[in-house]
Every structure is written in structure tokens, then in C-alpha cells.
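Visitor: Could you show me how to read a protein model, step by step?
Guide: Gladly; let us look at it together.

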Amino acid sequence: MGKKLIYNIYLVLVIVILTVIVVSFTKYINIQTHEEIRDFVLSFGYLGIIAYILIVASSIPLPFPSTITVTAGGYIYGALIGSILAMVGILIGSTIAFYFS
């Protein structure tokens with residue numbers, strides 16, 4: 001097997017595992033407004049940035065409204081940092097969607 005094939009297999013496995021984790025959490029967490037997203041992200045403390053990026057990334061390939069999650073970044077971290085974090089999450093989510101298509 002080539003290195004590229006092994007890399008793609010690992011990438012798909014990581015994506016599937018992250019998707020299962022996100023979907024399993026959505027059964028227990030009902031996030032619908034900016035305030036709920038803010039409270040959820042800030043509950044992670046220093047890891048809140050990573051949690052926010054994962055939320056935005058999961059909203060791209062999965063049927064979650066990305067408008068709420070992207071605007072919540074500006075609400076949580078301010079316009080500049082929130083926009084940068086949202087773009088990172090959108091880039092990751094778009095890459096995941098590309099590999100699934």
C-alpha cells in the first residue's frame with residue numbers, strides 16, 4: 001500500500017470518529033441560540049477555541065445551521081478572532097465534506 005492510501009484511510013477514520021462524537025453529543029445538548037453556544041464553548045475553558053472550531057467544522061458537512069455557529073464566534077471571541085476561528089472551522093469542515101464526496 002502506498003503512503004497516500006494509508007493517509008487517506010487514517011483521515012477517513014478520524015473523520016468518522018469525530019462525526020460520531022459530534023452526533024452523539026447533539027443528542028444530549030440542544031444548541032439553538034448564540035447564548036447556548038457561548039455557554040457550551042466557554043464551559044470548556046482553555047479548550048473552548050478547539051471546541052468552537054469543531055462545532056463550526058461539524059456544521060459544514062452535517063445538517064446543522066452554520067449561520068448560528070459562525071455568528072456565535074463573533075459573539076464569543078469578538079469580530080476579528082471569531083472570524084479567524086470560523087474560517088479555520090469552515091476550512092476543516094469543507095475539507096471533510098470534500099473527502100466524503
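Visitor: How much area does the chain expose, and what share do carbon and sulfur atoms supply?
Guide: Accessible area comes from the Shrake-Rupley method with a 1.4 Å probe, and for residues only the protein chains shown count as cover. Here the chain exposes about 6,900 Å², with 74% supplied by carbon and sulfur atoms. This is a predicted model, where local features need pLDDT of at least 70, side-chain atom pairs count only at pLDDT 80 or more, and totals for chains, interfaces and linings use all residues. Residues are numbered from 1 along each chain as its sequence is written, and side-chain values use heavy atoms, leaving out hydrogens and water.

Visitor: How many helices and strands does the chain have?
Guide: Both are DSSP runs numbered from the N terminus: helices are H or I with at least four residues, strands are E with at least two. This chain has five helices and zero strands.

Visitor: Is α3 largely enclosed or open?
Guide: Buried means under 20% relative accessible area (1.4 Å probe, protein chains only). Nine of the twelve residues of α3 are buried, so the rest of the structure largely encloses this helix. Among them are Gly-48, Tyr-52 and Ser-59.

Visitor: Which residues make up the largest nonpolar core?
Guide: In soluble globular proteins, nonpolar side chains tend to be buried together. A nonpolar core is a set of buried Ala, Val, Leu, Ile, Met, Phe, Trp, Tyr and Cys residues joined through side-chain atoms within 4.5 Å. The largest one here has ten residues, including Ile-37, Tyr-52, Ile-76 and Leu-85. Helix α3 gives the most to this core, with four residues.

Notes
Buried < 20%, exposed > 50% of the residue type's maximum accessible area, 1.4 Å probe, protein only.
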